[in-house]
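Student: Could you show me how to read a protein model, going one feature at a time?

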Amino acid sequence: MAKVSVRRALAAVVGAIFLLPLVMGGLASLSLAGQAAPQNLGALLREWSWQNYAEVFQMIPLGQHLWNSLLVVIVSVPFSVLVASLAAFFLIRSNQPWRRWLVAFAIVTMLVPPSAVWLFRFQLLSRVGLVDTRLALMLSAFAGGSSLFVLIYFWAWRQAPADLFDAADIDGASFLQAWWQVALPLVRPATAAVTLLAFMFFWGNFIEPVLFIYDPNKYTLPIGLQLLNQLDASNRPLLLAGAMIAIVPPMLLFLITQRWFLQGEWTR
Amino acid sequence: MRSKLQDARCIRRLHILLLVSLPFSLILLGCQNQSSTISFAFAGDVAELAAYQTLINAFEQAHPDIEIEIRHAPSRQDFQQKLVTMFDANQPPDVVLLNYRRMARFAADGDLQPVTPHLSQIDLDPDAFYPIALQAFTWNDELWCAPQNISSLVVYYNQDLFDAAGQPYPQPNWTWDDFLRTAKAITTNEIYGAAIDPGLYRLAPFVWQANGVLVDGDELLPESAENLAALTWFTELQTVHNVVPNALAAQSLPADERFLSGGVAMIFESRRFTPIMREVADFDWDVALLPQGERKAGILHSDGYCLGQTPSAETLMFVRFALSEQGQQILAQTGRTVPSRLAIAESDRFLNDGQLPMSSHVWLDEVSTLQTVPLHPNWLQFEEMASTEIEEVFYGRISPIEGLDQIQIQSGNIQIND
């Protein structure tokens, strides 16, 4: 019992340490903008207002940026989950000798620095007329988002007994039926993890909008935050207010999905 | 057979999903570029974005048949990546706004087209612009960009702190000794006489003032007595006299924030700092010339309109408009630029716009003493490397002579002339 209490106390301390920057950021987002920065915590708490949260929407088109980011994740996250899980299930069910080479290839692609493919992707998007479109920011989702997502599913299904899938085959289930009705329900924690990771991947994607988007009306939230970051030092509370707004959707998603992926196993 | 039927159902469901997402995707595709548009690339914050949007609106109003497409990035670093990608992918912007320190790289790579053959079409009469601004964009005997502004480092000072310490305001001929004496007189336990972001950009004018050079042959910041004197004076402000914040204090509060909060009496900044001072400072303030050493010298800060590809008549019309008195005035109204066109810079529209600082003429007074950093494709990397070492000296981690040694070792043979 005492052991559990100590563990909980330790967890609370570690949690508080991780929570502190968020609390400080939240408090600082309430300090008055357009003034010299408060020099200590007392000054920070003395004068505060919710005004920054309204002003940040007036200073930059943050509402538009939010909407653009939401559009990107609404399309990209389901497609990432769909394509990554289908690809991984194909790898699991395939008896071909080159399966292991595909898995190795997926791992190798994770080692390629993203900057190495910027130019190629820009040329490709430019060739098909997708530069300066929101679709350019979603395109990788149609290929599963990231090879990491495919590998998460692959490793999750490798932990499941293969007999289950064989039994589905014997019962006459097709590939798609086995994937949808048997395989996917088995790996809900993995799906939750991929959903959250894909959301963070597309929600926080900064460099692609910088490179592929020209029209400021199509800027996503990370660009909006960078615009706020370029404001002078006296407007730091506005940046923090923007950051707090940006944190809300991933936090909500985390709260919704945590009960699945905190189960500790990839498979249910 | 049963399995095929069920497969077909699943496939039909997938088709429905794709069909539902298709119109959504098509809406997101939006409109594609029109061939009649010209593109204008620049970096800048919200205020700069708004200022250039005003410039573009004014141009489009005057030329309704031409549309300007913005290619913008919020910060200089992001902009560099965006620009490199566009050039490498052979999708260059028509017009790009570049600082002269960044220009040589793109010119050397063959990304830019010289402006020289188009001077009459963009109405660039060399006599109407400050010569130093034209010189800054001249490389290999070609003018590569049309100068938009001509700013420089000056001293912003807090008049309230000067008054409280009983110190006279800086005079036009004040010296390094005057600066140090004033800073010492103002410095207390809570107030610093000055705050400096140590780096080559801020050290350079003092090197020139000591009759030193940034580059000699193939050496960056060579170990001459003049360069050593400049670096020693600059860094002893912190290491010996303690009139500027030390490393810990500087880390806890950046120089500009400390100045805005009234904790510092003097700071070296360019005209870009003026809008925030107007908005935030709740004390009386003004600007003054840099203190002088053996001679007067300042460092130029200038951006120019560069041509990203062989210009069309419409492109040249836009550059002509941006350089015109109307175009320069629109940007001068932001308060953050010193116009490169003499007629605007020397008019009341810049000098007496009814706002602080009272001494905007300081930027024009300094023009005759301005110098430029050498033009070199890799200059920014050299600058960054040298700045790291200067910071080490500034915070007393290594001696000035060791700092110069390190810069020599790391820069190698750079083959440029100051």
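Tutor: We shall go from the whole of one chain to a core and then to single residues. This is a predicted model, in which local features need pLDDT of at least 70 and side-chain atom pairs count only at pLDDT 80 or more, while totals for chains, interfaces and linings use all residues. Side-chain values use heavy atoms, with hydrogens and water left out.

Student: How many helices and strands are there in chain B?

Tutor: Helices (H or I, at least four residues) and strands (E, at least two) are DSSP runs, numbered from the N terminus. Chain B has 19 helices and 16 strands, and its C-alpha atoms fill a box of roughly 90 × 60 × 50 Å along the principal axes.

Student: What share of the residues of chain B count as buried?

Tutor: Buried means under 20% relative accessible area, exposed over 50%, and partly exposed in between, using a 1.4 Å probe and protein chains only. In chain B, 57% of the 418 residues count as buried.

Student: Which residues touch the most other members of the largest nonpolar core?

Tutor: A nonpolar core is a set of buried Ala, Val, Leu, Ile, Met, Phe, Trp, Tyr and Cys residues joined through side-chain atoms within 4.5 Å. Here they are Trp157(A) and Tyr305(B), in a core of 211 residues. Helix H4 (residues 62-93) of chain A gives the most to this core, with 14 residues.

Student: Is Thr37(B) buried or exposed?

Tutor: Thr37(B), which lies in strand S1 (residues 37-43) of chain B, is buried because its relative accessible area is 15%. Contact means heavy atoms within 4.5 Å, and, leaving aside neighbours within four places in sequence, Thr37(B) is in contact with Glu67(B) and Asp94(B).

How values were computed
Residues are numbered from 1 along each chain as its sequence is written. Chains are lettered from A and ligands numbered from 1 in the order in which they are written.
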